Structure formats: C-alpha cells, structure tokens
Amino acid sequence: MSMIYYVIAFVAGLGITLQTTLNSQLAKGLGGDSVTAALFSFAAGAFSLGTYSMLRGGLFASLAAIPSQPLWSLAGGLIGACALFSYVVLAPKIGFSVLLGLAIVGQLLSSLMIDHFGLLGAIKRPVSMMKLGGMLIMLVGLVIMLFGDRLSERYLH
C-alpha cells in the first residue's frame, strides 16, 4: 500500500512543475503581473479546497480550532505564497529546470534537518550516512545542471 504514496508524491512533483509553468504563462499574459498570477493561483486553490472541505464535512469544527494552534503553525500559507510568487518571478529569469533544481535541493536539505531533529513537531527520523550520500549526489547533479553546459563548452570544445 505504501507504494501508492510514492506514486502520489511523484505526481505531486510533476504538478508543481506544471503549476510553475502555467503560473509563469499567466503572468506573461497579464503583462508580467506576477503578483496577480500568484493571487489567482492561490484563490483558485483556496476555492477548490474550500469546496472539497464543505463536501467532506467538518470544515467549521476545524476552522474553530485554528485560534488555539501555535502561531508558528499558521505560517504555512504565507511561506507557500512567497514560494509560489518567487517561482512565478524567477522561472522566466533563470529557467524552469534551474529554478526547480534549486528548489528541490532546498526542500531536501530542510527536510533532512526537520526529520533528523524532529523540528516543528515532526517525527524524529535520524538521517543516515546513506541519505547524506544521496543528498551529495543530488548536489553534484544540481551543479552539473547549473554549470554543465558552460563547463563542457569551455573544456570539451
């Protein structure tokens, strides 16, 4: 059963790339207005989640519990909005593969720290040397993505 979770996570990653591409095109169509493109994206997402929550039930009980939550736990929306906005702004400037390569490495580094130390209420999952090795390979891959073309032109031609 856990294999389906891996497939869903992979598809979510595909969705992030697609979302970034679509939002960048929307901003372009809006005369470069990245803020409005990001706002529309969040509004459409909020509407979709609101509709699903209403149909599923229990929305109002969950909303009533929000004021009793720690303030830091409410920062996810702000962080998500900043991330989405930066994606819309940066994608045309640095390219999709570089943007998402850097974003994925940032996610991996922060997730390793959150797992290892059990930060922000997460379950503590010690990071092994094998995982650190995998992270190093990802970093090498990112360096190749960022500088590979320039290095091959300079040294191989």
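Let me begin with one residue, Ser24, which touches Tyr87, Val88, Ala91, Pro92 and Phe96 once residues up to four places away in sequence are set aside. Please keep in mind that we are looking at a predicted model. Ser24 lies in helix 1, and is Ser24 itself buried or exposed? Its relative accessible area is 8%, and because the cut-off for buried is under 20%, Ser24 counts as buried.

Staying with helix 1, the buried residues there are Thr20, Asn23, Ser24 and Ala27, and what covers them includes helix 2, helix 4 and helix 5. As a general point, an α-helix has 3.6 residues a turn, so residues three or four places apart point the same way. As for the length of helix 1, its 28 residues should span 40 Å at 1.5 Å a residue, and the end C-alpha atoms are 41 Å apart, which agrees. Just after helix 1, Gly31 takes a positive phi of about 70°.

Helix 1 is also where Ile8 has its place, and Ile8 belongs to a nonpolar patch on the surface, formed together with Met3, Ile4, Tyr5, Tyr6, Val7, Phe10, Val11 and Leu14, with about 980 Å² of accessible area together.

Let me turn now to helix 4, which covers residues 76–94 and, with 19 residues, reaches 25 Å from its first C-alpha to its last, close to the 27 Å expected at 1.5 Å a residue. Where in helix 4 does the kink lie? The kink, of about 30°, lies at Val88, shortly before the proline Pro92, and both Val88 and Pro92 are among the residues that Ser24 touches. Buried in helix 4 are Leu84, Tyr87, Val88 and Ala91, and these buried residues pack against helix 1 (2–29), helix 2 (34–56) and helix 5 (96–117). Just after helix 4 comes Gly95, which, with a phi of about 95°, takes a positive value.

Finally, helix 2, whose 23 residues should span 33 Å at 1.5 Å a residue, has its end C-alpha atoms 33 Å apart, so the expected and modelled spans agree. Which residues of helix 2 are buried? They are Ser34, Ala37, Ala38, Ser41 and Ser53, and their packing partners are helix 1, helix 3 (59–65) and helix 4.

To return to where we started, Ser24 is buried, and its contacts include Tyr87, Val88 and Ala91, which are themselves buried in helix 4.

How values were computed
Residues numbered from 1 in each chain as written. Predicted model: local features only at pLDDT ≥ 70, side-chain atom pairs only at ≥ 80, totals over all residues. Heavy atoms only, no water. Helix = DSSP H or I, 4+ residues; strand = E, 2+ residues; numbered from the N terminus. Expected span 1.5 Å × (residues − 1). Bend = angle between axes of the 7 residues up to and from the residue. Buried < 20%, exposed > 50% of the residue type's maximum accessible area, 1.4 Å probe, protein only. Contact = heavy atoms within 4.5 Å. Patch = residues over 30% accessible without salt bridge, like charges linked within 9 Å, V, L, I, M, F, W, Y side chains within 5 Å. Areas by Shrake-Rupley, 256 points an atom, 1.4 Å probe, with all protein chains shown as cover. Salt bridge = Lys/Arg side-chain N within 4 Å of Asp/Glu carboxyl O.
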